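Reader: Could you take me through one part of this structure slowly? I am new to this and would love a close look at how two helices sit together.

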Amino acid sequence: MPSPEPSQPWVTGPASARRRATTAAWQALLVIDQSDDGVIAAQMAATGEVLDSLAKTSAAHTRHELQAAASSFERASRSHIRAARGHDHALRRAAHDLAHSGPALGRGEDGATTAMVIDMLFFLVTAGAHWHAWKQHFQQAEAAHRAAAHLRAAADHPMAFLHQRGSHLTPAWQRHHVASLRQALPELADQVLAERGWPALAATLDEVRTTGHSPTALLVQAAARRELDTAARMSDVLVWRLRRMADLPADPQNSRSTHGRGSATASSQQRVAHLDARPSNDTRRQR
C-alpha cells in the first residue's frame with residue numbers, strides 16, 4: 001500500500017508574497033524582451049519599488065545587501081524616457097503585497113522564497129542594465145550593474161543543501177541526469193556541467209523525476225523562457241525555474257525527495273542497475 005504523501009509546507013504571508021513577486025519579475029523579463037521603450041521604462045520604475053519593499057521586509061542577514069541594491073537601482077529606475085503606465089501593474093502589485101505581508105523569517109520557506117525572488121530580480125535588473133546600455137544610458141546601466149552585484153551577494157539561498165544532495169546521488173543517477181541535460185540543452189550542457197551549481201541542478205532534476213515530470217521536457221521549457229547564455233550562473237537559473245515549473249517547495253528541505261536518494265539501499269541499487277542496463281539513447285523514464 002503506497003505511503004501517504006507528506007503535506008505541503010505551511011506557506012506564510014511573506015512567502016506567498018515572494019512567490020507572487022517572483023512570477024511578476026519573470027513576466028517582466030518577457031516584457032523587456034518584447035516591448036517598446038515606454039513599457040520597459042515603466043517596468044524599471046516598478047522594479048525599484050519591488051526592491052524597496054523586499055529590502056524592508058527581509059531578514060537581517062540579507063537586508064543590508066538588499067538595501068544597497070535598492071539604493072543603487074534607484075538611479076537606474078529613472079530615465080528621460082516617459083514610462084507607459086498601466087503595463088507595470090503586476091510588479092507594483094507585487095511591491096504592495098511584499099510591503100503588507102510583514103517581515104519574513106530568514107529560514108524555511110520564507111528564506112527560500114526570498115532567495116528565489118532575489119535570483120529572479122538579479123536577472124531582471126541585469127536585463128535592465130543591458131537595455132540602458134543599449135540606449136546609451138550609461139549612468140543608469142552602471143547603477144543597475146551595481147544593484148545586480150548587491151543582489152548576487154544577498155543570494156545566500158539553500159543551494160548548499162541542494163549541492164550536498166546532488167553530490168550524494170548514486171553515480172548512475174548522476175549519469176542519467178547528465179544525459180537528460182545533454183539531450184535538452186546540447187549546446188549549453190558542457191558549460192552548465194562545469195559550473196559549481198551543477199550538483200544542485202542534478203538534485204532538482206531528481207526531484208522533478210520523482211514527482212512524475214519529465215526532466216528533459218521541463219529543461220527544454222525552462223531554457224526557452226529566456227536565453228540562458230547571458231546568465232552568469234545558468235545552473236542557478238535552471239534550479240529556480242524548474243522548482244517553480246514543477247511546483248516544488250522553494251525550500252529544498254521541504255521536498256518530497258529523501259536524503260536516501262543516493263544511498264546504497266537494495267531497492268535503489270536495483271533501480272539504478274536497471275537504469276544503467278538501458279541503451280544510452282533510451283530517454284524513457286521508469287519510476
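Author: Here is a walk through one pair of helices, followed by a loop residue.

This is a predicted model, where local features need pLDDT of at least 70, side-chain atom pairs count only at pLDDT 80 or more, and totals for chains, interfaces and linings use all residues. Residues are numbered from 1 along each chain as its sequence is written, and side-chain values use heavy atoms, leaving out hydrogens and water.

Two packed helices are described by the angle between their axes and the distance between the axes. Helix H2 spans residues 37-57 and helix H4 spans residues 89-100; they pack at about 10°, with axes 8 Å apart. Helices here are DSSP runs (H or I, at least four residues), numbered from the N terminus. Axes are lines fitted to C-alpha atoms over the stretch in contact, and angles run from 0 to 180 degrees between N-to-C directions. H2 is therefore roughly parallel to H4 (angles under 35 degrees). Residues making the contact (heavy atoms within 4.5 Å) include Ala46 and Val50 of H2 and Leu91 and Leu98 of H4.

Asp37 belongs to the 37-57 stretch of H2, and the side chains of Asp37 and Lys135 share a polar contact of 2.6 Å (a pair of N or O atoms within 3.5 Å; within protein, one must be able to donate a hydrogen and the other to accept it, and residues adjacent in sequence count only if both atoms are side-chain atoms). Lys135 sits in the loop between helix H5 (108-134) and helix H6 (138-154). Along the chain, Lys135 and Asp37 are 98 residues apart, yet their C-alpha atoms are separated by 9.3 Å.

Technical notes
Helices (H or I, at least four residues) and strands (E, at least two) are DSSP runs, numbered from the N terminus. Angles under 35 degrees count as roughly parallel, over 145 as roughly antiparallel, 65 to 115 as roughly perpendicular and the rest as oblique.
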